[in-house]
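Let's take a friendly walk through a protein model, one piece at a time. Have the sequence and the 3D view ready.

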Amino acid sequence: SLGNAYSDCFNIETPACGDNVTNMQFAYANCYNIIGDAVCGPSVINISGAYSDCYNLSGNAACGDNVIDMTNAYVNSGVTTACYGNNVVDMIYAFANCQNLTQAVFGPNVSNAFGAYKDCPNIISIGSGKAIEMCETFMNCKSLTVASYPTGVKNLSNTFRGCTNLVTQV
């Protein structure tokens, strides 16, 4: 487990994750100086908060196929590309307030995407996938012009609230 292992280690620039690690919960939270891509080992199932508040993280998000929980995984980080694993179920606030993201993505088994991309001002497109709970998912995504969403959605409360440039609803 890397749970909280390197949280608040401000000078770490390159994260690492061994092949047998299953838990990365808050592993690198508040590590402001991580640059480049995030990492996630092949056995990891929980990346909740793993890279939260890593403002300078400037590469791709990482999420292996065994990951189930991405709650707050990259909130307030600088990732440029979102990710999903085929087994992800929870994406609660996973990429909220990620200023550099331009596309939202969902895996085939997402159940809860509550606030997943909330306050991401540069999201311009929404990829395919599945999600059931989408409250506040795209709230305040000001660059979004087309309101579309994955299959299977049952709750859209406040999903597109504050998306001031929406012109099309699909």
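Which backbone oxygen does the side chain of threonine 159 reach at 2.9 Å? The backbone oxygen of leucine 156 is the partner. We will come back to threonine 159 below.

## Before we start

This is a predicted model, where local features need pLDDT of at least 70 and side-chain atom pairs count only at pLDDT 80 or more, while totals for chains, interfaces and linings use all residues. Residues are numbered from 1 along each chain as its sequence is written, and side-chain values use heavy atoms, with hydrogens and water left out.

## The overall picture

The protein has 0 helices and 4 strands (helices are DSSP runs of H or I with at least four residues, strands are runs of E with at least two, and both are numbered from the N terminus). Read from the N terminus, the elements run β-β-β-β. The radius of gyration is 15 Å, close to the 15 Å that the globule rule gives for 170 residues, so the protein is as compact as a globular protein of that length. Here the radius is taken over C-alpha atoms, and the rule is 2.2 Å times the number of residues to the power 0.38.

Along the principal axes, the C-alpha atoms fill a box of roughly 45 × 25 × 20 Å. Of the 170 residues, 48% are buried (buried means under 20% relative accessible area, exposed over 50%, and partly exposed in between, with a 1.4 Å probe and protein chains only). Among contacts (heavy atoms within 4.5 Å) between residues at least 6 apart in sequence, 14% join residues at least 24 apart.

## The nonpolar core

In soluble globular proteins, nonpolar side chains tend to be buried together. In this model, the largest nonpolar core has 50 residues. Such a core is a set of buried Ala, Val, Leu, Ile, Met, Phe, Trp, Tyr and Cys residues joined through side-chain atoms within 4.5 Å. Met24, Ile47, Met70, Tyr74, Phe95, Tyr117 and Phe138 have the most contacts inside this core.

Take methionine 24 as an example. Leaving aside neighbours within four places in sequence, methionine 24 is in contact with ten-odd places you can look up in the viewer, including Leu2, Val39, Ile47 and Tyr51. "Ten-odd" was loose wording on my part: the full list is Leu2, Cys17, Val39, Cys40, Val44, Asn46, Ile47, Ser48, Ala50 and Tyr51.

## One salt bridge

How many salt bridges does a search of the whole structure find? The search finds 1 (a salt bridge is a side-chain nitrogen of Lys or Arg within 4 Å of a carboxyl oxygen of Asp or Glu). Lysine 118 forms a salt bridge with glutamate 136, and their closest N and O atoms are 3.1 Å apart. This pair links distant parts of the chain, 18 residues apart: lysine 118 is in the loop between strand 1 and strand 2 (125-126), and glutamate 136 is in the loop between strand 2 and strand 3 (146-147).

Both partners are tucked away from the surface by our cut-off: lysine 118 counts as buried at 18% relative accessibility, and glutamate 136 counts as buried at 16%. Apart from neighbours within four places in sequence, lysine 118 touches Tyr93, Ala96, Asn97, Glu136, Thr137 and Met139.

## A buried aspartate

Aspartate 53 sits in the segment before strand 1 (103-104). Aspartate 53 is buried but has no salt bridge, and the nearest side chain of opposite charge, lysine 118, is 14 Å away. For charges, Lys and Arg count as positive and Asp and Glu as negative, while His and the chain ends are not counted.

What does the side chain of aspartate 53 make a polar contact with? The partner is the side chain of asparagine 76, at 2.9 Å. A polar contact is a pair of N or O atoms within 3.5 Å; within protein, one must be able to donate a hydrogen and the other to accept it, and residues adjacent in sequence count only if both atoms are side-chain atoms. Beyond neighbours within four places in sequence, aspartate 53 is in contact with Asn30, Cys31, Tyr32, Val75 and Asn76.

## Back to threonine 159

Threonine 159 lies in the loop between strand 3 and strand 4 (168-169) and counts as buried at 2% relative accessibility. A polar atom of the threonine 159 side chain lies 2.5 Å from the backbone oxygen of methionine 134. Leaving aside neighbours within four places in sequence, threonine 159 has contacts with Met134, Cys135, Glu136, Thr137, Phe138 and Met139.

## Two backbone angles to spot

Most residues other than glycine have a negative phi, and most peptide bonds are trans. Tyrosine 93, although not a glycine, has a positive phi of about 50°. Tyrosine 93 lies in the segment before strand 1 and counts as partly exposed at 25% relative accessibility.

Asparagine 140 is not a glycine either, and has a positive phi of about 65°. Look for asparagine 140 in the loop between strand 2 and strand 3, where it counts as partly exposed at 24% relative accessibility.
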